[in-house]
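Work through these short exercises with the model open beside you. Try each task before you read its solution.

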Amino acid sequence: MLQRLFNLITAVCVAALVAACGGSPTRNDDHATVNPPVIATITSVRPHQATTQTPSGVNTAAGAVVGGLLGNQVGKGKGKVAATLAGVVGGAMVGSQINQNTKVVDMEELTLAMPDGRSIQVDVNAAGFRPGQRVQLMMHGKQVDIKALP
């Protein structure tokens, strides 16, 4: 009985840990290079919608608990503990993929005339940009921050 309680507590703790660590890993080199600000002019704005998916920590935790409970039904002794832990990890992985939170976001695709004559396109959250507007771009590796100028 105590072994079962220990296994259940272990499964819940691991599930909570996995849920807390959920999300995408970040790369440190994405923000390693910060370029000086660039002033550009918007030549066109195309509104559109995009969907984003973020893993749900609740689904991950529930999957880990169910996986741990199922794994706990297999084996005896140390094999049972290993099966429980394998169930927790497998359940967490499956739970994170099931029913991810999907959100529709209003976006704008901006075409920008750069000072060197190039034309680039950038997707941003809808903010009411308009053609002819001047903007300041701050580039941080692969991320671009855009600020409207007066």
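**Exercise 1. Find the helix that holds Val-66, and state whether Val-66 is buried, partly exposed or exposed.**

Solution. The model is a predicted one. Step 1: locate the residue. Val-66 belongs to helix α2, residues 57–71. Step 2: take its relative accessible area, which is 47%. Step 3: apply the cut-offs. Buried means under 20% and exposed means over 50%. Val-66 is therefore partly exposed. Step 4: look for a residue distant in sequence. Ala-92 is 26 residues from Val-66 along the chain, and their C-alpha atoms are 8.7 Å apart.

**Exercise 2. Work out how the buried residues of α2 are arranged around its axis.**

Solution. Step 1: check the length. α2 has 15 residues and spans 21 Å from first C-alpha to last, close to the 21 Å expected. Step 2: list the buried residues. They are Thr-60, Gly-63, Ala-64, Gly-67, Gly-68 and Gly-71. Step 3: look down the axis. The buried residues of α2 fall within an arc of 130°, so they line one face of the helix. Step 4: recall the general rule. An α-helix has 3.6 residues a turn, so residues three or four places apart point the same way. Step 5: turn to the other side of α2. Val-58 and Leu-70 are exposed there.

**Exercise 3. Classify His-48 and Gln-49 as buried or exposed, then find a side-chain partner for each.**

Solution. Step 1: place them. His-48 lies in strand β1, residues 38–54. Gln-49 is in β1 too. Step 2: compare the areas with the cut-offs. His-48 has a relative accessible area of 18%, so it is buried. Gln-49 has 57%, so it is exposed. Step 3: recall the general rule. In a regular strand the side chains alternate between the two faces of the sheet. Step 4: find the polar contacts. The side chain of His-48 meets that of Asp-123 at 3.1 Å. The side chain of Gln-49 meets that of Asp-106 at 3.0 Å. Step 5: add other neighbours. His-48 touches several residues, including Met-107 and Glu-108. Among the residues that Gln-49 touches are Val-104 and Val-105.

**Exercise 4. Describe how β4 and β5 pair, and what lies between them.**

Solution. Step 1: find the strands. β4 covers residues 134–140 and β5 covers residues 143–148. Step 2: give the pairing. The two strands run antiparallel over six bridges. Step 3: pick one facing pair. His-140 stands opposite Gln-143 in β5. Step 4: inspect the link. β4 and β5 form a hairpin with two residues between them. In the turn, Gly-141 has a positive phi of about 65°.

Terms used. Residues are numbered from 1 along each chain as its sequence is written. This is a predicted model: local features need pLDDT of at least 70, side-chain atom pairs count only at pLDDT 80 or more; totals for chains, interfaces and linings use all residues. Side-chain values use heavy atoms; hydrogens and water are left out. Helices (H or I, at least four residues) and strands (E, at least two) are DSSP runs, numbered from the N terminus. Buried means under 20% relative accessible area, exposed over 50%, partly exposed in between (1.4 Å probe, protein chains only). A polar contact is a pair of N or O atoms within 3.5 Å; within protein, one must be able to donate a hydrogen and the other to accept it, and residues adjacent in sequence count only if both atoms are side-chain atoms. Contact means heavy atoms within 4.5 Å. Two strands pair if DSSP finds at least two bridges between them. The expected span of a helix is 1.5 Å times one less than its number of residues. The arc is that of the directions from the helix axis to the C-beta atoms.
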